[in-house]
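User: I would like a close look at a single part of this protein, with enough of the surroundings described that I can place it while I turn the model on my screen. Please take your time over it.

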Amino acid sequence: MKPENEAELAQMVANANAALQVVGGGSRRIGLPQDCDHLNTSLLSGITLYEPGALTLVAQAGTSVSEIEKALESEGQRLAFEPADHRALMQTKGMPTIGGIVATNTSGPRRISVGACRDFLLGVRFVDGMGRVLKNGGRVMKNVTGYDLVKLMAGSYGTLGVLSEVSLKVLPIAERAATVTIAGLTDVQAVRVMSAALGSPYDVTGAAHSQVGDSAQALTMLRLEGFEGSVTYRAQKLRELLAPFGSLDIVTDDTKVQAMWRRVRDVEGFAAKTGNVWKISVKPSDAPELVARLGADEVMYDWGGGLIWALAPTEIDLRAVMAGTAGHATLVRGEGFAKFHPEPAAVAALSAGIRQKFDPRGFLNPGLMG
């Protein structure tokens, strides 16, 4: 089923007599039962409002992220939360859409400084499980009112409703970016460096640590963005602050800086490798000890150590290994385990109650989130 507009989408959901798998551009695999009917929103496409002066953009849910980024770039603006492109990681050939980004709350390395996708979401229009068209928030910042269903929809993976339109706040593109790097640190040292940098007054917008390519050498990366003079000054100050940890380099070439952070954002290092890919959220201070006992083939730290990407053998249940460590693990790619971390009983009851209100028939992406 491919609705061409919101009215058709509402009619299709209302008339459904079986479970529906909500699909956008097809760039992700969500692992629903094969007997689900596919509801594809890719024809709900196009930017319907863009006001650069008001820093707001409205687009239909099936609009490709690339189309939005091209329009924003022409005005010197961007989606500051860095929506990721995980096609290589997921081994898919679809096209990331803005509805899919919002539905999964996909947010890149800059989340530590500016916030997640949901923090830039001003308003939504969606069709609930009964085929009713609902809207919340506004199309521009000054009109954002009402109950905060906007943030509820972000990260709901299509289990509460099928997005038809989203309104987003955008920000200017930074004039200059640079990356301060330190090679050869242990995981413990890297987390200390990233914590020190993020706790400094130098406005770090990315803090990651990973192995470089197939080499054994690890690289710790700290990104700075802003006006050219400010970036130069802050990079030098950061180098002085972190000098006790080792020799630091500063990468200023735009192409190299963008490539470094695209690799982190899109988890490019895991793309061609076999195994399950897990996304683990923990306190940065807990991360090195947890990684030491995970049994993962390879890991990458983002968000200053608060996010761990782990490539692990398919038989290893990383959630079982996490026992005793506060946090949660999501199976991004792979089989054999539930996609999402089991919720505590009280939270699970609340989640079930919310889903019952929005999708009483249980037709929207059933079983995906409990």
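In which loop is Asp203 found? Please begin there, and then follow the chain into whatever comes next.

Analyst: Since this is a predicted model, what follows describes computed geometry. Asp203 is found in the loop between α7, which covers residues 187-198, and β11, and β11 itself runs over 204-211. The backbone at Asp203 deserves a look, for its phi is near 55°, a positive value in a residue other than glycine. As a general matter, most residues other than glycine have a negative phi. Asp203 counts as partly exposed, because its relative accessibility is 45%, a value that lies between the limits of under 20% for buried and over 50% for exposed.

From this loop one can follow β11 to an internal space. The structure holds 2 cavities of 30 Å³ or more, and the largest of them contains about 70 Å³ of space. In general, rolling a probe the size of a water molecule over the atoms shows where empty space is left. Both β11 and β15, the latter spanning 298-302, supply at least two residues each to the lining of the largest cavity, and β15 gives the most, with 3 residues. Listed in sequence order, the lining is made up of Ser210, Gln211, Arg263, Val267, Glu268, Gly269, Phe270, Glu298, Val299 and Met300. By character, the residues of this lining divide into 4 nonpolar, 3 polar and 3 charged.

Asp203 can usefully be set beside Tyr157, which is found in the loop between α6 (149-153) and β8 (162-169). For Tyr157, too, phi is near 55°, a positive value in a residue other than glycine. Tyr157 counts as buried, however, because its relative accessibility is 14%, whereas Asp203, at 45%, counts as partly exposed.

Another loop residue, Asn105, lies between α4 (98-104) and α5 (111-114). Asn105 is buried, because its relative accessible area is 8%, which falls under the 20% limit. Leaving aside residues up to four places away in sequence, Asn105 touches Arg111, Ala116, Cys117, Arg118, Ala154 and Gly155.

For contrast with the buried loop residues, Lys70 is found in helix α2, residues 65-73, and counts as exposed, because its relative accessibility is 65%. Lys70 also gives a sense of scale, since Lys70 and Ala345 are 275 residues apart in sequence and 44 Å apart in space, taken from C-alpha to C-alpha.

Finally, the setting of all this in the whole chain. The secondary structure of the protein comes to 12 helices and 17 strands, and its C-alpha atoms fill a box of roughly 65 × 50 × 35 Å along the principal axes. For 370 residues, a compact globule would have a radius of gyration near 21 Å, and the protein, with 21 Å, agrees with that expectation. Buried residues make up 50% of the 370 residues. Of the contacts with a separation of 6 or more, 68% are between residues 24 or more positions apart. The protein exposes about 16400 Å², and carbon and sulfur atoms supply 53% of that area.

Definitions and conventions: Residues numbered from 1 in each chain as written. Predicted model: local features only at pLDDT ≥ 70, side-chain atom pairs only at ≥ 80, totals over all residues. Heavy atoms only, no water. 1 Å grid on protein atoms, 1.4 Å probe; cavity = no way out; pocket = protein on both sides within 12 Å on 5 of 7 lines; lining within 4 Å. Points joined across faces, edges and corners; volume = space filled by probe spheres on them. Helix = DSSP H or I, 4+ residues; strand = E, 2+ residues; numbered from the N terminus. Nonpolar A, V, L, I, M, F, W, Y, C, P; charged D, E, K, R; others polar. Rg over C-alpha atoms; globule rule 2.2 N^0.38 Å. Buried < 20%, exposed > 50% of the residue type's maximum accessible area, 1.4 Å probe, protein only. Contact = heavy atoms within 4.5 Å. Areas by Shrake-Rupley, 256 points an atom, 1.4 Å probe, with all protein chains shown as cover.
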